[in-house]
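Subject: Structure for you to look through

Dear colleague,

I am handing over the structure we spoke about, and I would be glad if you kept it open while you read the notes that follow.

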Amino acid sequence: MTVDHDAGQTTSLYEVGDLPPLGVVPQRMYASVIRPARYGPPLKAFETEVVDVPDVPPGFVLVAVMAAGINYNNVWAGLGRPLDVVKMRQKRGAPEPFHIGGSEGSGIVWKVGEGVRSVKVGDHVVLSGCRWEEDDPAVRLGRDPMLAPSQETWGYELNWGSFAQFTLVADFQCHPKPARLSWVEAACFMLSSATAYRQLNGWPPHNVEAGDVVLIWGGSGGLGSMAIQHVRRMGGRPIAVVSTPERAEYCMRLGAEGVINRTEFDHWGSPPSEGTAEYRRWNEQLRAFGRKIWEVAGEKVSPRIVFEHAGSHTLPTSMFVCAPGGMVVICGATSGYEAHVDLRVLWMRQKRLQGSHFAGLRECRAVTGLAERGLLDPCLGQVYDFDSIGLAHQHMFEGTQACGNLAARVGAMAITT
Ligand code: NDP
């Protein structure tokens, strides 16, 4: 234990990787913090600081974080756009002038608030990222809480995420940690796997059915690596898109039926004006991409589902190659959130463009259950130290990250997995 002398007061502070005795809560903690004055690329935005450990209100749980998963949402938080998360919370009366990100993680329940019965101090848990008010009228009416007005993302819209020694979550965000997984493996897969599960299984009648071709953008990334496995298990035929031969190999090892290297095409983004030579060239590339899917599938069959998250660069292509009556299901916009949609293709071919955002509790339990039974590989890619959380996001921002899901050690600093 070390001692922090702050303004004449003596407060307990443990080094990252050390833990106080079970249930003992120090006053201060290390956190990887974003402040508005540093908004910009991740290496600039994130800095390790010492902050107060938050109080635990009724219904909430303080978790000692062992490891945290890294996701693109905190690239956006660090940039301060499209949403200034600190300003947004301060407008609602939140006092903290900083943001602690991290929308997934693994850890040990350290303190429970009044009324909490679902977990107890000492439980090993995996944390899910979406939160809603339990007295939200929509929730009380039994509607999908992910569609409730009070639903928000912990570690993005909400503060006190997993990039700190202690994190504050609602009790229902705690799920049993799959015993077969290490702390870092358990920390890295909830967000991407449950999001992918909902995209592929949450929008009937477009659930993946046996024999369905599913086109998966970014097949070697966090979402993509989970989607390939889900589609396989559901009896579908995953065709992955990647940008390097190494990523193609990774997808094939995970169970992709085939892979397309997107660097062989260059028609990305919105089409040029119709009637021009540029448009004719763009359109030829678009059709060539569609034919490539048939070539990889070994027959003239188009994807019933297109698994989207790349956004403006890929959406026009996704809408075109999707089979008549099929669905493009999108949960992100890595390449930009303003995208061109040719409405003629949408209505004439009766396609569906469906938004999808993270997952409800049932979907979270489905993926932890699959991991528990060894039916879902968490695809742990690179593991970072606590002080390198900014670097991990920088790699994601630049597109140079390792395949699969990324994680950072927090309490698990002393161990290697
Ligand atoms: P990763 O960085 O792990 O993977 C993204 C992949 O997308 C990369 O591997 C890359 O593969 C591919 N990609 C990047 N740019 C382009 C492009 N211009 N065109 C086509 N493909 C591209 O990220 P995640 O899989 O974790 O997340 C992906 C997106 O989904 C992010 O924007 C994230 O914010 C969002 N997301 C949303 C969630 C939600 O609940 N709404 C939950 C999780 C993620 P390659 O270069 O090999 O093609």
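Is E49 buried or exposed, judged by its relative accessibility? Before the answer, please keep in mind that this is a predicted model, and that every value below was computed from it. E49 counts as buried, because its relative accessibility is 14% and the limit for that word is under 20%.

The salt bridges

E49 is also a good place to start on the charged pairs, since its side chain meets that of R35 in a salt bridge, with N and O 2.8 Å apart. The two residues come from distant parts of the chain, 14 residues apart: R35 sits in the loop between β3 (28-34) and α1 (42-45), whereas E49 belongs to strand β4 (residues 46-52). R35 counts as partly exposed, because its relative accessibility is 26%, so this salt bridge joins a partly exposed residue to a buried one. The pair does not stand by itself, for R35, R38, E47 and E49 are linked in a network of salt bridges. As background, side chains of opposite charge can pair when their charged atoms come close. Over the whole model, the count comes to 19 salt bridges.

Another of these pairs is D212 with R304, whose closest N and O atoms are 2.7 Å apart. D212 lies in the loop between α6 and β13 (213-216), and R304 in the loop between α9 (277-297) and β16 (305-308), so the salt bridge ties together parts that are 92 residues apart in sequence. D212 counts as buried, because its relative accessibility is 10%.

A further salt bridge is formed by R281 and D266, and here the closest N and O atoms are 3.3 Å apart. The pair links distant parts of the chain, with R281 in helix α9 and D266 in the loop between β15 (258-261) and α9, 15 residues apart. How exposed is R281, by its relative accessible area? R281 is partly exposed, because that area is 49% and a residue has to be over 50% to count as exposed. D266 is likewise partly exposed, with a relative accessible area of 47%.

The ligand and its surroundings

Which residues come nearest to the ligand? Of the 24 residues around the ligand, they are S243, R262, T334, F358 and Q401. An N or O atom in the side chain of S243 is 2.7 Å from an oxygen atom of the ligand, and a polar side-chain atom of R262 also lies 2.7 Å from a ligand oxygen. On the side chain of H313, an N or O atom is 3.1 Å from a nitrogen atom of the ligand. Taken alone, the ligand exposes 920 Å², and the protein buries 90% of that.

The shell around the ligand has nine nonpolar, 13 polar and two charged residues. At least three residues of the shell come from each of domain 1 (3-192 + 359-409) and domain 2 (203-355), and helices α6 (190-201) and α7 (222-233) each supply at least two.

One more residue

Finally, please look at H175, which lies in strand β12 (residues 174-176). H175 counts as buried, because its relative accessibility is 1%. Although H175 and C364 are 189 residues apart in sequence, their C-alpha atoms are 8.0 Å apart in space.

With best wishes

Note on methods. Residues are numbered from 1 along each chain as its sequence is written. This is a predicted model: local features need pLDDT of at least 70, side-chain atom pairs count only at pLDDT 80 or more; totals for chains, interfaces and linings use all residues. Side-chain values use heavy atoms; hydrogens and water are left out. A residue is near a molecule or strand if one of its heavy atoms lies within 4 Å of it. A polar contact is a pair of N or O atoms within 3.5 Å; within protein, one must be able to donate a hydrogen and the other to accept it, and residues adjacent in sequence count only if both atoms are side-chain atoms. Accessible areas come from the Shrake-Rupley method with a 1.4 Å probe; for residues, only the protein chains shown count as cover. Helices (H or I, at least four residues) and strands (E, at least two) are DSSP runs, numbered from the N terminus. Ala, Val, Leu, Ile, Met, Phe, Trp, Tyr, Cys and Pro count as nonpolar, Asp, Glu, Lys and Arg as charged, and the others, Gly among them, as polar. Domain bounds come from an automatic or database domain assignment. A salt bridge is a side-chain nitrogen of Lys or Arg within 4 Å of a carboxyl oxygen of Asp or Glu. Buried means under 20% relative accessible area, exposed over 50%, partly exposed in between (1.4 Å probe, protein chains only).
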